[in-house]
Amino acid sequence: MSLQVATLAGTTPLVLDSPHSGVAYPDDFRHACDPAALRQAEDTHVEKLYDFAPALGVAWVEALFPRSYLDVNRNVTEIDVALFEEPWPGPVETEAKALSKVRLGKGLVWRITDEGLPIYDRPLSVREVQARIERCWQPYHDAVRAAIDAAHARHGYSIHLNCHSMPAVAGDYSTDFPGLVHADFVVGDRDGTSALPALSRMICDHLRALGYSVEYNHPYKGVELVRRYGDPAHHRHSIQLEINRRLYMDEDTLALNSGYGPLKQNLRSLVELLLNIDPRRKS
Ligand SMILES: [Zn+2]
(Lines give C-alpha, C1' and ligand atoms only; values in the text may rest on other atoms or scores of the structure.)
Protein backbone atom coordinates (compact mmCIF):
# COMPACT_ATOMS: atom_id res chain seq x y z
CA MET A 1 0.00 0.00 0.00
CA SER A 2 1.43 3.29 -1.11
CA LEU A 3 1.36 6.41 1.04
CA GLN A 4 0.80 8.37 -2.17
CA VAL A 5 -2.28 6.52 -3.46
CA ALA A 6 -5.59 5.80 -1.69
CA THR A 7 -7.59 2.76 -2.79
CA LEU A 8 -10.89 1.17 -1.80
CA ALA A 9 -11.81 -2.23 -3.22
CA GLY A 10 -15.19 -2.67 -4.92
CA THR A 11 -17.75 -5.40 -5.48
CA THR A 12 -19.33 -4.12 -8.74
CA PRO A 13 -18.09 -3.81 -12.37
CA LEU A 14 -17.50 -0.08 -11.86
CA VAL A 15 -14.10 1.50 -11.09
CA LEU A 16 -13.60 5.24 -10.48
CA ASP A 17 -10.23 6.96 -10.33
CA SER A 18 -9.27 10.56 -9.53
CA PRO A 19 -5.71 11.24 -10.72
CA HIS A 20 -5.55 15.03 -10.28
CA SER A 21 -7.28 15.91 -6.99
CA GLY A 22 -4.29 15.32 -4.67
CA VAL A 23 -3.29 18.13 -2.30
CA ALA A 24 -0.41 16.53 -0.33
CA TYR A 25 2.52 18.64 -1.59
CA PRO A 26 5.72 16.62 -0.98
CA ASP A 27 8.70 18.20 0.81
CA ASP A 28 11.02 17.27 -2.04
CA PHE A 29 8.93 19.10 -4.68
CA ARG A 30 11.25 22.16 -4.32
CA HIS A 31 9.26 24.29 -6.74
CA ALA A 32 9.96 27.99 -7.18
CA CYS A 33 6.52 29.33 -8.11
CA ASP A 34 3.75 30.49 -5.81
CA PRO A 35 1.91 27.51 -4.22
CA ALA A 36 -1.43 29.18 -5.08
CA ALA A 37 -0.51 28.98 -8.78
CA LEU A 38 0.15 25.24 -8.45
CA ARG A 39 -3.23 24.72 -6.80
CA GLN A 40 -4.90 25.96 -10.00
CA ALA A 41 -3.54 22.81 -11.69
CA GLU A 42 -5.49 20.54 -9.33
CA ASP A 43 -8.85 18.99 -10.12
CA THR A 44 -9.75 20.31 -6.67
CA HIS A 45 -12.53 18.52 -4.72
CA VAL A 46 -13.16 15.82 -7.34
CA GLU A 47 -12.62 13.16 -4.64
CA LYS A 48 -15.42 14.78 -2.57
CA LEU A 49 -17.85 14.84 -5.50
CA TYR A 50 -17.68 11.05 -5.75
CA ASP A 51 -17.28 10.11 -2.09
CA PHE A 52 -20.68 8.36 -2.12
CA ALA A 53 -19.44 5.78 -4.65
CA PRO A 54 -17.49 3.28 -2.49
CA ALA A 55 -20.62 2.64 -0.37
CA LEU A 56 -22.33 1.51 -3.59
CA GLY A 57 -19.60 -1.12 -4.17
CA VAL A 58 -17.63 0.98 -6.65
CA ALA A 59 -13.82 0.53 -6.56
CA TRP A 60 -11.95 3.79 -5.91
CA VAL A 61 -8.37 4.91 -6.67
CA GLU A 62 -7.17 8.41 -5.76
CA ALA A 63 -3.82 10.18 -6.13
CA LEU A 64 -2.87 12.01 -2.92
CA PHE A 65 0.12 13.80 -4.51
CA PRO A 66 -0.57 16.87 -6.68
CA ARG A 67 -0.75 16.76 -10.44
CA SER A 68 1.93 19.45 -10.75
CA TYR A 69 4.42 17.13 -8.95
CA LEU A 70 3.76 14.24 -11.33
CA ASP A 71 0.89 13.80 -13.77
CA VAL A 72 -0.18 10.14 -13.75
CA ASN A 73 -2.35 10.81 -16.79
CA ARG A 74 0.84 10.87 -18.87
CA ASN A 75 3.02 8.00 -19.98
CA VAL A 76 6.48 7.69 -18.43
CA THR A 77 7.91 8.44 -21.88
CA GLU A 78 6.36 11.93 -21.87
CA ILE A 79 9.50 13.44 -20.43
CA ASP A 80 10.34 17.10 -20.93
CA VAL A 81 14.10 16.96 -21.48
CA ALA A 82 14.29 20.75 -21.02
CA LEU A 83 13.90 20.14 -17.24
CA PHE A 84 17.33 18.51 -16.97
CA GLU A 85 20.96 19.40 -17.48
CA GLU A 86 21.79 15.70 -17.79
CA PRO A 87 20.48 13.26 -20.39
CA TRP A 88 17.30 11.29 -19.59
CA PRO A 89 18.35 7.62 -19.71
CA GLY A 90 14.98 6.13 -20.75
CA PRO A 91 12.90 6.31 -23.93
CA VAL A 92 11.16 9.61 -24.68
CA GLU A 93 7.88 10.16 -26.51
CA THR A 94 7.85 10.64 -30.28
CA GLU A 95 4.09 10.49 -31.03
CA ALA A 96 3.01 13.94 -32.28
CA LYS A 97 0.01 14.65 -30.02
CA ALA A 98 1.78 13.62 -26.83
CA LEU A 99 4.88 15.51 -27.91
CA SER A 100 2.86 18.71 -28.37
CA LYS A 101 1.74 18.50 -24.69
CA VAL A 102 5.34 18.00 -23.57
CA ARG A 103 6.35 21.09 -25.58
CA LEU A 104 3.55 23.04 -23.83
CA GLY A 105 5.36 22.21 -20.57
CA LYS A 106 2.71 19.60 -19.64
CA GLY A 107 4.53 16.31 -19.77
CA LEU A 108 4.83 13.74 -16.99
CA VAL A 109 6.49 16.43 -14.85
CA TRP A 110 5.24 19.90 -15.69
CA ARG A 111 7.63 22.73 -16.57
CA ILE A 112 5.13 25.61 -16.49
CA THR A 113 1.66 26.27 -15.06
CA ASP A 114 -1.46 26.81 -17.18
CA GLU A 115 -0.81 30.55 -16.78
CA GLY A 116 2.71 30.17 -18.20
CA LEU A 117 4.65 30.52 -14.91
CA PRO A 118 7.86 28.46 -14.68
CA ILE A 119 7.46 25.92 -11.84
CA TYR A 120 11.20 25.52 -11.10
CA ASP A 121 14.20 27.85 -10.91
CA ARG A 122 16.65 24.95 -11.02
CA PRO A 123 17.36 21.97 -13.25
CA LEU A 124 15.78 18.74 -12.02
CA SER A 125 17.93 15.66 -11.52
CA VAL A 126 17.14 12.45 -13.38
CA ARG A 127 17.18 10.67 -10.03
CA GLU A 128 14.44 12.84 -8.48
CA VAL A 129 12.10 12.34 -11.43
CA GLN A 130 12.80 8.59 -11.38
CA ALA A 131 11.90 8.63 -7.67
CA ARG A 132 8.58 10.37 -8.43
CA ILE A 133 7.82 7.65 -11.01
CA GLU A 134 8.63 4.90 -8.50
CA ARG A 135 6.71 6.44 -5.59
CA CYS A 136 3.71 7.93 -7.47
CA TRP A 137 3.25 6.81 -11.09
CA GLN A 138 3.91 3.11 -10.61
CA PRO A 139 1.69 2.54 -7.52
CA TYR A 140 -1.11 4.59 -9.07
CA HIS A 141 -1.10 2.60 -12.29
CA ASP A 142 -0.73 -0.68 -10.40
CA ALA A 143 -3.81 0.23 -8.34
CA VAL A 144 -5.97 1.21 -11.34
CA ARG A 145 -4.97 -1.90 -13.26
CA ALA A 146 -5.65 -4.17 -10.24
CA ALA A 147 -9.07 -2.60 -9.60
CA ILE A 148 -10.12 -3.01 -13.25
CA ASP A 149 -8.76 -6.57 -13.40
CA ALA A 150 -10.68 -7.50 -10.24
CA ALA A 151 -13.94 -5.94 -11.53
CA HIS A 152 -13.53 -7.72 -14.87
CA ALA A 153 -12.75 -11.06 -13.18
CA ARG A 154 -15.89 -10.80 -11.03
CA HIS A 155 -18.34 -9.71 -13.71
CA GLY A 156 -16.87 -10.46 -17.15
CA TYR A 157 -16.75 -6.74 -17.97
CA SER A 158 -15.59 -3.51 -16.37
CA ILE A 159 -16.53 0.14 -16.66
CA HIS A 160 -13.78 2.56 -15.62
CA LEU A 161 -14.73 6.20 -15.16
CA ASN A 162 -11.63 8.42 -15.11
CA CYS A 163 -12.74 11.45 -13.04
CA HIS A 164 -11.51 15.00 -13.69
CA SER A 165 -12.55 18.62 -13.54
CA MET A 166 -11.64 21.51 -15.84
CA PRO A 167 -11.58 25.29 -15.51
CA ALA A 168 -14.55 27.22 -16.92
CA VAL A 169 -12.17 28.67 -19.54
CA ALA A 170 -9.04 26.88 -20.79
CA GLY A 171 -5.78 28.59 -19.71
CA ASP A 172 -3.37 30.18 -22.16
CA TYR A 173 -0.74 27.45 -21.69
CA SER A 174 -2.95 24.48 -20.84
CA THR A 175 -4.28 22.90 -24.00
CA ASP A 176 -4.38 23.05 -27.76
CA PHE A 177 -7.47 25.30 -27.36
CA PRO A 178 -6.39 28.26 -25.17
CA GLY A 179 -9.26 30.50 -24.08
CA LEU A 180 -11.95 27.98 -25.01
CA VAL A 181 -15.13 28.32 -22.89
CA HIS A 182 -15.84 24.79 -21.68
CA ALA A 183 -19.19 22.95 -21.66
CA ASP A 184 -20.54 21.65 -18.34
CA PHE A 185 -19.15 18.18 -19.08
CA VAL A 186 -16.75 16.66 -21.59
CA VAL A 187 -17.02 12.89 -22.13
CA GLY A 188 -13.98 11.28 -23.77
CA ASP A 189 -13.34 7.77 -25.09
CA ARG A 190 -10.54 8.52 -27.54
CA ASP A 191 -12.97 8.56 -30.46
CA GLY A 192 -14.59 5.29 -29.45
CA THR A 193 -11.35 3.35 -28.97
CA SER A 194 -11.26 3.15 -25.14
CA ALA A 195 -14.97 2.31 -24.63
CA LEU A 196 -18.00 1.23 -26.59
CA PRO A 197 -19.36 4.49 -28.10
CA ALA A 198 -22.94 3.48 -27.18
CA LEU A 199 -21.90 3.51 -23.53
CA SER A 200 -20.28 6.96 -23.83
CA ARG A 201 -23.33 8.31 -25.64
CA MET A 202 -25.55 6.98 -22.86
CA ILE A 203 -23.50 9.03 -20.37
CA CYS A 204 -23.82 12.12 -22.61
CA ASP A 205 -27.59 11.60 -22.94
CA HIS A 206 -28.04 11.12 -19.19
CA LEU A 207 -26.18 14.35 -18.41
CA ARG A 208 -28.04 16.30 -21.11
CA ALA A 209 -31.37 15.07 -19.72
CA LEU A 210 -30.27 16.57 -16.38
CA GLY A 211 -29.95 19.94 -18.12
CA TYR A 212 -26.18 20.10 -18.68
CA SER A 213 -24.28 21.06 -21.81
CA VAL A 214 -22.10 18.10 -22.86
CA GLU A 215 -19.32 17.73 -25.44
CA TYR A 216 -18.12 14.35 -26.66
CA ASN A 217 -14.39 13.91 -27.45
CA HIS A 218 -13.89 17.67 -27.79
CA PRO A 219 -11.72 19.36 -26.69
CA TYR A 220 -10.62 16.41 -24.51
CA LYS A 221 -10.64 12.85 -25.82
CA GLY A 222 -9.05 11.14 -22.82
CA VAL A 223 -5.36 10.57 -22.19
CA GLU A 224 -3.08 7.90 -20.73
CA LEU A 225 -5.36 6.38 -18.08
CA VAL A 226 -8.14 5.55 -20.53
CA ARG A 227 -5.70 4.75 -23.36
CA ARG A 228 -3.80 2.25 -21.26
CA TYR A 229 -6.74 0.43 -19.63
CA GLY A 230 -9.61 0.74 -22.11
CA ASP A 231 -10.07 -2.34 -24.31
CA PRO A 232 -13.71 -2.44 -25.40
CA ALA A 233 -13.24 -5.53 -27.61
CA HIS A 234 -12.49 -7.40 -24.38
CA HIS A 235 -15.29 -5.71 -22.40
CA ARG A 236 -13.01 -3.23 -20.62
CA HIS A 237 -14.51 0.23 -21.03
CA SER A 238 -12.60 3.34 -19.94
CA ILE A 239 -14.20 6.79 -20.21
CA GLN A 240 -12.84 10.17 -19.14
CA LEU A 241 -15.32 12.56 -17.55
CA GLU A 242 -14.42 16.25 -17.21
CA ILE A 243 -16.66 18.43 -15.01
CA ASN A 244 -16.66 22.22 -15.33
CA ARG A 245 -15.36 23.58 -12.00
CA ARG A 246 -17.79 26.49 -11.99
CA LEU A 247 -20.55 23.93 -11.35
CA TYR A 248 -19.20 23.25 -7.84
CA MET A 249 -16.47 25.69 -6.77
CA ASP A 250 -15.05 29.18 -6.88
CA GLU A 251 -11.96 28.87 -9.06
CA ASP A 252 -10.09 31.70 -7.27
CA THR A 253 -10.74 30.81 -3.62
CA LEU A 254 -11.16 27.03 -4.27
CA ALA A 255 -14.22 27.11 -1.96
CA LEU A 256 -17.17 24.86 -2.74
CA ASN A 257 -20.20 26.78 -4.01
CA SER A 258 -23.94 26.13 -3.76
CA GLY A 259 -23.83 23.97 -6.89
CA TYR A 260 -21.81 21.26 -5.13
CA GLY A 261 -24.77 19.45 -3.50
CA PRO A 262 -27.01 19.28 -6.58
CA LEU A 263 -24.08 18.26 -8.80
CA LYS A 264 -23.18 15.45 -6.43
CA GLN A 265 -26.76 14.16 -6.52
CA ASN A 266 -26.60 14.15 -10.32
CA LEU A 267 -23.27 12.31 -10.30
CA ARG A 268 -24.87 9.73 -8.02
CA SER A 269 -27.62 9.20 -10.59
CA LEU A 270 -24.94 8.74 -13.27
CA VAL A 271 -23.07 6.16 -11.17
CA GLU A 272 -26.35 4.34 -10.47
CA LEU A 273 -27.07 4.29 -14.21
CA LEU A 274 -23.64 2.75 -14.89
CA LEU A 275 -24.21 0.14 -12.18
CA ASN A 276 -27.35 -0.98 -14.03
CA ILE A 277 -25.84 -1.32 -17.52
CA ASP A 278 -24.20 -4.41 -18.94
CA PRO A 279 -22.40 -3.10 -22.07
CA ARG A 280 -22.18 -6.65 -23.45
CA ARG A 281 -25.90 -6.30 -24.21
CA LYS A 282 -25.49 -2.95 -25.99
CA SER A 283 -23.37 -3.86 -29.03
ZN1 LIG B 1 -7.68 16.15 -14.56
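Let's start with what helix H4 touches. Its buried residues pack against strands E1 (5-8), E2 (14-18), E3 (59-63), E4 (158-166) and E7 (236-244), and against helix H6 (224-229). Keep in mind that this is a predicted model.

Which residues of H4 are buried? Val129, Arg132, Cys136, Trp137, Tyr140, His141, Ala143, Val144, Ala147, Ile148 and Ala151. Note that Arg132 and His141 are on that list, along with Trp137 and Tyr140.

Now the helix itself. H4 covers residues 126-155, which makes 30 residues. From first C-alpha to last, H4 reaches 42 Å. At 1.5 Å a residue you would expect 44 Å, so the two are close. H4 does have a kink, though. The kink is about 35 degrees and is centred on Ile133. What comes after H4? Gly156 follows, and its phi is positive, near 85 degrees.

Let's step back to the whole chain. It has seven helices and seven strands. Along the sequence, the order is β-β-α-α-β-α-α-β-β-α-β-α-β-α. The radius of gyration is 18 Å, and the globule rule gives 19 Å for 283 residues, so the chain is as compact as a globular protein of that length. Along the principal axes, the C-alpha trace spans about 55 × 40 × 35 Å.

Two more figures. Of the 283 residues, 42% count as buried. And how far apart in sequence are the contacting residues? Take contacts between residues at least 6 apart: 78% of them join residues at least 24 apart.

Back to H4 to finish. On your screens, find the kink at Ile133. Then follow H4 along to Gly156, just after the helix.

Technical notes: Residues are numbered from 1 along each chain as its sequence is written. This is a predicted model: local features need pLDDT of at least 70, side-chain atom pairs count only at pLDDT 80 or more; totals for chains, interfaces and linings use all residues. Helices (H or I, at least four residues) and strands (E, at least two) are DSSP runs, numbered from the N terminus. The bend at a residue is the angle between axes fitted to the seven residues ending there and the seven starting there. A residue is buried if 20 or more other C-beta atoms lie within 10 Å of its own, exposed if 12 or fewer, and partly exposed in between; C-beta atoms are placed from the backbone. Two residues are in contact if their C-beta atoms, placed from the backbone, lie within 7 Å. The radius of gyration is taken over C-alpha atoms; the globule rule is 2.2 Å times the number of residues to the power 0.38.
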